[in-house]
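Thanks for coming, everyone. Let me put the chain on the screen, and then we'll walk through it.

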Amino acid sequence: GDMCLTMNLKTLKEISRRIKSDVYLKIQRNNKSILTSKSKKIIQNRPIFQISLTGRNKQKIDKFKNGELKVEIYYNRLKNEKKKGLFAYSVNGKGNVSRIAKSYYDSKKKTINFTTRTLGRFAVGYKR
């Protein structure tokens with residue numbers, strides 16, 4: 001209910017080729033304790049998710065070579081937030097965030113939208 005993921009045929013074929021067993025797509029909410037103090041100012045109380053893709057034999061895909069994942073994170077914009085200031089951010093292992101290019105807020109769907117070739121942690125952030 002918090003996120004919509006879309007994979008194209010190229011992505012599905014790549015997963016099938018790289019993982020020769022059952023595939024598990026896991027979407028997990030994270031809390032802000034993983035963030036640095038600088039990152040906490042950008043993310044604040046907005047959602048943070050971790051997306052992972054594994055096979056039954058612990059095979060893991062961290063990055064797509066040919067495919068991509070379209071991500072929509074549902075987010076109701078606060079009254080003091082301008083839609084042009086809302087973006088998706090990737091979160092690295094040290095808790096630092098970086099804005100995802102071409103991410104944007106869709107006010108009709110109330111989603112933060114972006115496309116990625118890399119799986120990991122993602123967050124909704126606000127840049128004034």
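Let's start with one residue: is threonine 111 buried or exposed? Threonine 111 is buried, because its relative accessibility is 0%, and the cut-off for buried is under 20%. Keep in mind that this is a predicted model.

Where does threonine 111 sit? It lies in strand β9, residues 111-116. Its side chain makes a polar contact with the side chain of asparagine 113, at 2.9 Å. Now look beyond its neighbours within four places in sequence. There, threonine 111 touches Glu72, Ile73, Tyr74 and Tyr75. It also touches Tyr104, Tyr105 and Asp106.

Now step back to the whole chain. There are two helices and 10 strands. Along the sequence the pattern reads β-α-β-α-β-β-β-β-β-β-β-β. The C-alpha atoms fill a box of roughly 50 × 30 × 25 Å along the principal axes. What about the radius of gyration? For 128 residues, a compact globule would come out near 14 Å. This chain has 15 Å, which agrees.

Some totals. Buried residues are 41% of the 128. The chain exposes about 8300 Å², and carbon and sulfur atoms supply 47% of that area. Then the contacts. Take those with a separation of 6 or more: 74% of them link residues 24 or more positions apart.

Next, the open sheet. It has four strands, in the order β1-β5-β9-β8, and the pairing is antiparallel. Which strands are at the edges? They are β1, residues 3-7, and β8, residues 104-106, and each pairs on one side only. On average, neighbouring strands in this sheet are turned by 25° against each other, direction ignored. As a reminder, strands of a sheet pair through backbone hydrogen bonds, parallel or antiparallel.

Zoom in on one pair here. β1 runs antiparallel to β5, residues 69-74, with five bridges between them. In that pair, methionine 7 faces leucine 69 of β5.

Now on to β3. This strand covers residues 48-55. How many of its eight residues are buried? Six are, so to speak, tucked away: β3 is mostly covered.

Go through the partners of β3 one by one. With β2, residues 23-30, β3 pairs antiparallel over eight bridges. There, glutamine 28 has glutamine 50 as its bridge partner in β3. With β10, residues 121-126, β3 pairs antiparallel over three bridges. Glutamine 50 turns up again, opposite arginine 121 in β10. With β4, residues 60-61, there are two bridges, again antiparallel. Threonine 54 is matched with lysine 60 of β4. β3 and β4 also form a hairpin, with four residues between them. In that turn, lysine 58 has a positive phi of about 70°.

Then β6, residues 86-91. Why call this strand largely enclosed? Because five of its six residues are buried. β6 pairs with β10 through six bridges, antiparallel. Across that pairing, serine 90 stands opposite phenylalanine 122. β6 also pairs with β7, residues 97-99, through three bridges, and that pair is antiparallel too. Serine 90 appears here as well, with serine 98 as its bridge partner in β7. The β6 and β7 hairpin has five residues between its strands. Within that hairpin, glycine 95 takes a positive phi near 90°.

Let me put β10 in one place. It has three bridges to β3, and it has six to β6.

Last stop: a loop residue. Asparagine 45 is in the loop between α2, residues 37-43, and β3. Is asparagine 45 buried or exposed? It is exposed, because its relative accessible area is 69%, and the cut-off for exposed is over 50%. Its side chain still makes a polar contact, with the side chain of lysine 32, at 3.2 Å. Now compare sequence and space. Asparagine 45 and valine 124 are 79 residues apart along the chain, yet their C-alpha atoms are separated by 9.1 Å.

To wrap up, hold on to two residues. Threonine 111 counts as buried, at 0%. Asparagine 45 is exposed, at 69%.

Definitions and conventions:
Residues are numbered from 1 along each chain as its sequence is written. This is a predicted model: local features need pLDDT of at least 70, side-chain atom pairs count only at pLDDT 80 or more; totals for chains, interfaces and linings use all residues. Side-chain values use heavy atoms; hydrogens and water are left out. Two strands pair if DSSP finds at least two bridges between them. Axes are lines fitted to C-alpha atoms, for helices over the stretch in contact, and angles run from 0 to 180 degrees between N-to-C directions. Buried means under 20% relative accessible area, exposed over 50%, partly exposed in between (1.4 Å probe, protein chains only). A polar contact is a pair of N or O atoms within 3.5 Å; within protein, one must be able to donate a hydrogen and the other to accept it, and residues adjacent in sequence count only if both atoms are side-chain atoms. The radius of gyration is taken over C-alpha atoms; the globule rule is 2.2 Å times the number of residues to the power 0.38. Contact means heavy atoms within 4.5 Å. Accessible areas come from the Shrake-Rupley method with a 1.4 Å probe; for residues, only the protein chains shown count as cover.
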